Amino acid sequence: MDFEDTHGARLKMALATIRTDVDDAFDALLPVPGDTRAPLVEAMRHAAIGGGKRVRPLLLVATSTMLGVSREAAVLAGTAVEAIHVYSLIHDDLPCMDDDDMRRGKPTVHKAFDEATAVLAGDALHALAFDILTDSSVSSDPFIQAELVRCLAQASGMSGMAGGQAMDMAADSATYDLPTITRLQQLKTGALLTASVEMGAILARVPHDARGHLIAYARDIGLAFQIADDLLDHEGDEDKAGKALRKDDEQGKQTFVTLMGAEGARAQAKALVEQACGHLAHYGEDAGVLCDLARYIVERDR
C-alpha cells in the first residue's frame, strides 16, 4: 500500500497540494500558441503536467516554509527545479539514451510526438527553468536570482545531474564499486535534490556557511532516494511505477542492490533517513513535512 495512504494527513496533503500547485504553474507558463510552435508546447505540457511525485518542488517549498519564505515564490522556484527534472526525463527516455516507451504512466514524449520534438521540448524546459528563476515573482533581488540560477545550473550540469548520467551510461561497459556507485548517484539523483533544499535556503537568505545541516539532510535523502529506486527496479510493480523496471539487471549494471543485497540496501536507506531527520532536529515540528518526505522516499512503491 502507498505510504501516502498509511502515514498521516500532513504529508498526503502536502503532496497533493504541491502537485496541484506545480501543474497550475506549468499550465499558466505554457499556453499553446496559435502557430507552428504548438506541437512543441503541447509536448512540453505532455511531459510536465500530470503525474510525477513532485518530490523536488516539495523539498524546496517545505524548506522555504520552514524558513519563513512566501509560498508563491517557493512554488515558482520549485517549478523551475521540476522543469529541469522533466527535461532530463524526456532526454533520458530517448532511443539514444534509455529508450523507454512509458513515463509516469503514459507514453514518453518521443513516442507521443517524435524524437525531434522531444529533444526540443527538453531544451525548452531547460531554458524555462532559468527564465522562471529570474522573474521578480520569485525574488526582486538580483543577487538572490543569480544565486538561485547558479545553484540550479551547477546541480544540472557536468558536476551534477548530466555528469552522473554520463557515468551511468559508462556503467554498461564498466564495473563500479560501491564508492563509485555512490558518487554516480550523488551526481545523477542527489545533486538536484540537494539543490532543491539549498534553493529554499537561498530564498530565505540563509548564508552559505549556515546551510550545512540542510545540505547534509538533502544529501542523505538523495542517497536514500536512489537506493529506494534501485529496490523498486529490483522488486517493484511496473503498473504502479508507471515505467519499465528490471532494466539495470538486464543491462548488467552495478547498483546498490547488487552490491549490498536487497536487505542490506533497505537497511542502509532507512539509516540514511533517520540520519537526515537528525540534521533537522533543532527545527522541531517545523521540519515535520521534510522528515515525513524523507520516510516516504524509502517506503514508496512507485
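1. Helices here are DSSP runs of H or I with at least four residues, strands are runs of E with at least two, and both are numbered from the N terminus. With that in hand, R104 can be placed: R104 sits in the loop between β1 (102-103) and β2. Please keep in mind that this is a predicted model.

2. Backbone of R104. R104 is not a glycine, yet its phi is positive, at about 55°. Most residues other than glycine have a negative phi. R104 also appears again below, since R104 is among the residues that line the largest cavity.

3. Backbone of R205. Here too phi is positive in a residue other than glycine, with a value near 60°. R205 belongs to the loop between α10 and α11.

4. Enclosed space. Rolling a probe the size of a water molecule over the atoms shows where empty space is left. How many cavities of 30 Å³ or more does a search of the whole structure find? The search finds 1. The volume of the largest cavity is about 110 Å³.

5. Walls of the cavity. The lining of the largest cavity consists of H46, A47, V86, L89, I90, D93, R103, R104, K106, P107, T108 and V109. Two or more lining residues come from each of α3 (38-48), α5 (71-92) and β2 (106-107). The largest share is that of α5, with 3 residues. By class, the lining has 6 nonpolar, 2 polar and 4 charged residues.

6. Open space. The second largest pocket holds about 490 Å³ of space. Its lining has 22 residues, and the closest to the pocket centre are Q154, A191, T194, E198 and R219. α8 (142-156), α10 (178-203) and α11 (212-235) each give two or more residues to this lining. Which element gives the largest share? That is α10, with 9 residues. The lining of this pocket divides into 8 nonpolar, 8 polar and 6 charged residues.

7. α4 against α10. α10 also packs on another helix. The axes of α4 (residues 55-66) and α10 come within 8 Å, crossing at roughly 30°. Angles under 35 degrees count as roughly parallel, so α4 is roughly parallel to α10. The crossing of α4 past α10 is right-handed. On the α4 side, V55, R56, L59, L60, T63 and S64 make the contact; on the α10 side, L192, L193, S196, V197, M199, G200, A201 and L203 do. The residues of this contact are 9 nonpolar, 4 polar and 1 charged.

8. α7 against α8. α8, which gives residues to the second largest pocket, has a packing partner in α7 (residues 115-133). What angle do α7 and α8 make? The angle is about 155°, and the axes lie 9 Å apart. The cut-off for roughly antiparallel is over 145 degrees, so α7 and α8 are roughly antiparallel to each other. Their crossing is right-handed. α7 brings A129, F130 and L133 to the contact, while α8 brings Q145, L148, V149, L152 and A153. The contact has 7 nonpolar residues, 1 polar and no charged.

9. α2 against α16. The axes of α2 (residues 9-29) and α16 (residues 288-299) come within 9 Å. Parallel or perpendicular? The axes cross at roughly 90°, and 65 to 115 degrees counts as roughly perpendicular. α2 and α16 are therefore roughly perpendicular to each other. R10, L11, A14, L15 and R19 of α2 meet G288, V289, D292, L293 and Y296 of α16. This contact divides into 6 nonpolar, 1 polar and 3 charged residues.

10. Points to check on screen. For backbone, view R104 at a phi of about 55° and R205 at a phi near 60°. For space, view the cavity of about 110 Å³ and the pocket of about 490 Å³. For packing, view the right-handed crossings of α4 with α10 and of α7 with α8.

How values were computed
Residues are numbered from 1 along each chain as its sequence is written. This is a predicted model: local features need pLDDT of at least 70, side-chain atom pairs count only at pLDDT 80 or more; totals for chains, interfaces and linings use all residues. Side-chain values use heavy atoms; hydrogens and water are left out. On a 1 Å grid over the protein atoms alone, a cavity is a set of points where a 1.4 Å probe fits but cannot get out, and a pocket is an open set with protein on both sides within 12 Å along at least five of seven lines; lining residues have an atom within 4 Å of a point. Grid points are joined across faces, edges and corners, and a volume is the space filled by probe spheres set on the points. Ala, Val, Leu, Ile, Met, Phe, Trp, Tyr, Cys and Pro count as nonpolar, Asp, Glu, Lys and Arg as charged, and the others, Gly among them, as polar. Axes are lines fitted to C-alpha atoms, for helices over the stretch in contact, and angles run from 0 to 180 degrees between N-to-C directions. A crossing is left-handed if the near helix is turned anticlockwise from the far one by less than a right angle, and right-handed if clockwise. Contact means heavy atoms within 4.5 Å.
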